[in-house]
Amino acid sequence: MLTFLRRHCLAAMTLGAMCSSAFAADTHDQTLYNSLAHAAPELNPQALQSALNAMQCAVNSGAKQAERLAVIDYSQPSTARRLWIFDLREKSLVLRDLVAHGQKSGENFATQFSNRVGSYQSSLGLFRTQESYQGSHGYSLRMDGLEPGFNDRARDRDIVIHAADYVNPLWSERQGRIGRSQGCPAVRPQVARQVIDKLKDGQFMFSWYPDQHWLKASAYLNCRPHLGTDILTANGN
């Protein structure tokens, strides 16, 4: 009887510890969301929550924790400042600015997305940023797409963050939108170095749009990380 009681108490203590840990994690996640939502009231709440959920799924699956998170809300027009960069430790907004979408994704609004080489369309989902480099667009940042079928060909497509003169609000006065890229999330030259330096070397970037196929099939939105584990492992994420 004594042995049974000891086992029962041990099980109860273990369960209590697990519940406390889960509660603490949930509380932390909610606190982070609340802080970032307060810092970025114009960001679609679904986009922010999806970004945090996808990032946490990746971390729980073995990805290293990041210091910063970038969110692009492609449901907003190109004329809006639809790129947000957050400091996850300080739970604060670092920068909000313009970002381009691909030429074949749409005019002022992006409505079509692709993972195909040569599509000239933007891609959706969770990315892991990697190394900065000097390329044809100057100081640029490479990324790895973590979502099979949606953005995992980012390297093959040369999808990078770079400066572009056409990311300019003056363009919208002439043609109703800023300029478009070949699929890259290009930014204004005036903020490019800041954006790249804040995001390089293993941060997360998340591109959101209410695309029903992606919402249902995304490995990280639905937390089926085994679908993307090989990508995480291959790139040391």
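**Notes on the predicted model: strands, salt bridges and spaces**

1. Let me start at a turn: D87 stands opposite S92 in β3. Strands β2 and β3 form a hairpin with four residues between them, and K91 in the turn has a positive phi of about 55°. Five bridges join β2 and β3 in the antiparallel sense; two strands count as paired if DSSP finds at least two bridges between them.

2. A word on conventions before going on. This is a predicted model, in which local features need pLDDT of at least 70 and side-chain atom pairs count only at pLDDT 80 or more, while totals for chains, interfaces and linings use all residues. Residues are numbered from 1 along each chain as its sequence is written, and side-chain values use heavy atoms, with hydrogens and water left out.

3. Now the overall layout. The chain has six helices and seven strands; these are DSSP runs numbered from the N terminus, helices being H or I of at least four residues and strands E of at least two. From the N terminus on, the order of elements is α-α-β-β-β-β-β-β-α-α-β-α-α. Of the 237 residues, 48% are buried, where buried means under 20% relative accessible area, exposed over 50%, and partly exposed in between (1.4 Å probe, protein chains only). Among contacts with a separation of 6 or more, 61% are between residues 24 or more positions apart; a contact means heavy atoms within 4.5 Å.

4. The sheet comes next. Seven strands form an open sheet of mixed pairing, in the order β3-β2-β1-β7-β4-β5-β6. Its edge strands are β3 and β6, each of which pairs on one side only. Neighbouring strands are turned by 30° against each other on average, direction ignored. Helix α2 (residues 45–60) lies across β1 (68–73), β2 (83–87), β4 and β7 (204–208), and runs at about 135° to β7. For these angles, axes are lines fitted to C-alpha atoms, for helices over the stretch in contact, and values run from 0 to 180 degrees between N-to-C directions.

5. Back to β2, the partner of β3 in that hairpin. Five of the five residues of β2 are buried, so this strand is largely enclosed by the rest of the structure. L83, I85 and D87 point one way and W84 and F86 the other, and all are buried. On the β1 side, the two strands pair antiparallel over five bridges, with A70 opposite I85.

6. How many salt bridges does a search of the whole structure find? There are 11, each being a side-chain nitrogen of Lys or Arg within 4 Å of a carboxyl oxygen of Asp or Glu. One of them joins D97 and R188, whose closest N and O atoms are 2.7 Å apart. This pair links distant parts of the chain, 91 residues apart: D97 is in strand β3 (residues 92–97), and R188 is in the loop between α3 (169–175) and α4 (189–199). D97 is buried, at a relative accessible area of 7%.

7. E131 deserves a look of its own. R142 and E131 meet in a salt bridge of 3.5 Å, N to O; R142 belongs to strand β5 (residues 138–145) and E131 to strand β4 (residues 125–135), 11 residues apart. R155 also forms a salt bridge with E131, at 3.0 Å between the closest N and O atoms. Because R155 lies in the loop between β5 and β6 (160–162) and E131 in strand β4, the pair ties together parts that are 24 residues apart in sequence. Relative accessible areas are 28% for R142, 30% for E131 and 35% for R155, and each of the three is partly exposed. E131, R142, D144 and R155 are linked in a network of salt bridges.

8. R142 also has a place in the strand pairing: this residue stands opposite V160 in β6. Three bridges join β5 to β6, which run antiparallel.

9. Finally, the pocket. The largest pocket holds about 370 Å³ of space and is lined by 24 residues, of which H137, R157, D158, Q182 and C184 lie nearest its centre. On a 1 Å grid over the protein atoms alone, a pocket is an open set of points with protein on both sides within 12 Å along at least five of seven lines, and lining residues have an atom within 4 Å of a point. Grid points are joined across faces, edges and corners, and a volume is the space filled by probe spheres set on the points. The largest share of this lining, three residues, comes from β5.

Note on methods: 1 Å grid on protein atoms, 1.4 Å probe; cavity = no way out; pocket = protein on both sides within 12 Å on 5 of 7 lines; lining within 4 Å.
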